[in-house]
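Subject: Structure handover and notes on the aromatic rings

Dear colleague,

I am passing on the structure below, together with some notes that you may like to follow with the model open beside you. Please look at the aromatic side chains as you read.

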Amino acid sequence: GGERWYRTGDLGRYRPGGVIEFLGRRDHQVKLRGHRIELGEIENVLAGHPGVDHAVVVVAGEGSRRRLVGALVPGGSGTGPDPAEVLRRATERLPAYMVPERLTVLPQLPLSANGKVDRARVRDLAGGGDDTAHVGEPPRGELERALAELWADLLDTTTDSIGRDDSFFSLGGDSVRAIRFIERARQELRAEVPLAEFFSGPTIRRIGAAVETAGDWEALEEGAL
């Protein structure tokens, strides 16, 4: 008695002592921007971070703003994982189209009446925020427009197709292009973009605010006069 039988499609991982932890099913398949994505594969990678005990990924948003978002539950140490660090790790192990745009740390996963993870509730908790409040808003000011021009060049698109709240990764970016962007921003704009800041908020709005806070962009403008 008490034995558990696993089926094909179950996801799990080995815990210390050889215990297998059941992480869910691979049945949660979605189609996003032409790609078929197994949410369980993403969850498995996120849960592989040493600071994460459980992870759930869902699709949030409507139409062109449909995107992957996730919820993380901290491990036994009690210290919450850094979402930016978890995302950086994910970009090294997953293709860009499978990297969630946003991660939220929760004390525990919401459960439905039958004891299963309430994915609709996860979507509400992890998918909200400022990034859905300004859909389609174009970059503002000289700095944001300059950053958008770099994105357009790296992503082989036009600045007209880049909103100030669009995620770099949802537009087709990946970790390699992210590093190239940071290097070009430093060389061409003399703007320092911290890597952690980029991964925690990969939007023109957030990056522009970080650069302005650092003061580098103002120094360039003053020197150019």
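A good place to begin is tryptophan 151, which counts as buried because its relative accessibility is 0%, and a cut-off of under 20% is what buried requires. Please keep in mind that this is a predicted model.

Searching the whole structure gives 5 aromatic pairs. In one of them, tryptophan 151 meets phenylalanine 168 edge-to-face, with 5.0 Å from centre to centre and 70° between the planes. This pair links distant parts of the chain, since tryptophan 151 sits in helix H4 (residues 141-155), while phenylalanine 168 lies in the loop between H4 and helix H5 (175-189), 17 residues apart.

Is phenylalanine 168 buried or exposed? Phenylalanine 168 has a relative accessible area of 0%, and is therefore buried.

Phenylalanine 168 also pairs with phenylalanine 181, and here the ring centres are 6.4 Å apart with the planes at 35°, so this pair is described as tilted. Again distant parts of the chain are linked, as phenylalanine 168 belongs to the loop between H4 and H5, whereas phenylalanine 181 is in helix H5, 13 residues apart. Phenylalanine 181, too, is buried, with a relative accessible area of 0%.

Finally, Trp151, Phe168 and Phe181 join Phe198 in one aromatic cluster.

With best wishes

Methods. Residues are numbered from 1 along each chain as its sequence is written. This is a predicted model: local features need pLDDT of at least 70, side-chain atom pairs count only at pLDDT 80 or more; totals for chains, interfaces and linings use all residues. Side-chain values use heavy atoms; hydrogens and water are left out. Rings of Phe, Tyr and Trp (its six-membered ring) pair if their centres lie within 6.5 Å; planes under 30 degrees apart count as stacked, over 60 as edge-to-face and the rest as tilted. Helices (H or I, at least four residues) and strands (E, at least two) are DSSP runs, numbered from the N terminus. Buried means under 20% relative accessible area, exposed over 50%, partly exposed in between (1.4 Å probe, protein chains only).
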